[in-house]
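Me: Could you take a close look at one part of this structure for me? I would like to hear about the largest nonpolar core and what sits around it.

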Amino acid sequence: SSGINAEYGGMLQKALEASSQHSDAYSQLIHKAMHVNQLSTEEQRELASCVAPDADKCSAVQRAKYAELRLEQLAETKDRQLALYTQLIENLIYLLWRHVQYYTVYCKDPTEGIGGEPLPKKLLSANNDYIKNLTRELPLHLTDPLLKKVVDFCSNKTSSSMTSSFTSALVRRVRKLMTA
């Protein structure tokens with residue numbers, strides 16, 4: 001269980017760090033697009049050349065427009081990447097919740113098992129040890145600050161309050177399972 005707990009915690013941490021970097025880059029691109037006239041001529045040429053191959057022959061005003069367009073394209077790409085990170089984080093939390101719920105709720109009473117069928121005797125001792133390790137080590141890998149970062153990120157980065165509410169509910173459920 002230690003490996004799985006650490007793996008989920010590590011994946012969440014990496015996804016949050018990467019999403020934070022993408023968010024910063026997105027903000028910088030938006031700022032540059034809004035203040036394209038403050039960019040050097042060389043930066044404007046480089047950006048404009050991605051949109052219009054003959055940007056060197058354009059007027060300064062036209063080159064600035066092309067540079068702004070390119071910055072907006074780059075910002076849109078970063079925004080899509082942020083949406084993917086949001087989905088990734090949401091899916092990780094969902095998988096984590098289902099994993100912990102399965103073992104702490106459905107496998108706790110080995111006589112019932114799943115769907116009323118008792119668990120095989122071979123799995124009983126392994127499951128008991130696994131559940132003990134899972135519940136003991138989960139809070140070590142999924143700390144409150146990490147879970148708070150997940151909720152904060154999803155509430156700040158999603159345009160849908162439904163997605164934010166869903167992620168918040170999943171985090172609450174994970175916390176409840178960790179304290180049960």
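Reply: Happy to help; here is a walk through that core, followed by the salt bridges. Please keep in mind that this is a predicted model.

The largest nonpolar core has 28 residues, and those touching the most other members are Leu-12, Ile-89, Ile-93, Leu-96, Leu-142 and Val-150. Two or more residues come from each of α1 (2-34), α3 (60-106), α4 (121-141), α5 (144-157) and α6 (161-179). Helix α3 supplies the largest share, eight residues.

Leu-12 makes a good place to zoom in. Leaving aside residues up to four places away in sequence, Leu-12 touches Ile-89, Leu-92, Ile-93, Leu-142, Leu-146 and Val-150. There is also a second, separate core of nine residues, with Ala-33, Val-36, Leu-71 and Ala-75 among them. As background, nonpolar side chains in soluble globular proteins tend to be buried together.

Now to the charged pairs: the structure has five salt bridges. One of them joins Glu-76 to Arg-80, with the closest N and O atoms 2.9 Å apart. Both residues belong to helix α3, four residues apart, or about one turn of the helix. Glu-76 is partly exposed at 48% relative accessibility, and Arg-80 is partly exposed at 47%.

Helix α5 holds another such pair, Asp-152 and Lys-148, four residues and about one helical turn apart. Their side chains meet in a salt bridge at 2.9 Å, N to O. Asp-152 is partly exposed at 31%, as is Lys-148 at 48%.

Arg-136 and Glu-137 also form a salt bridge, at 3.6 Å from N to O. Here Glu-137 counts as buried because its relative accessibility is 14%, and the cut-off for buried is under 20%.

Key: Residues numbered from 1 in each chain as written. Predicted model: local features only at pLDDT ≥ 70, side-chain atom pairs only at ≥ 80, totals over all residues. Heavy atoms only, no water. Core = buried A, V, L, I, M, F, W, Y, C linked by side-chain atoms within 4.5 Å. Buried < 20%, exposed > 50% of the residue type's maximum accessible area, 1.4 Å probe, protein only. Contact = heavy atoms within 4.5 Å. Salt bridge = Lys/Arg side-chain N within 4 Å of Asp/Glu carboxyl O.
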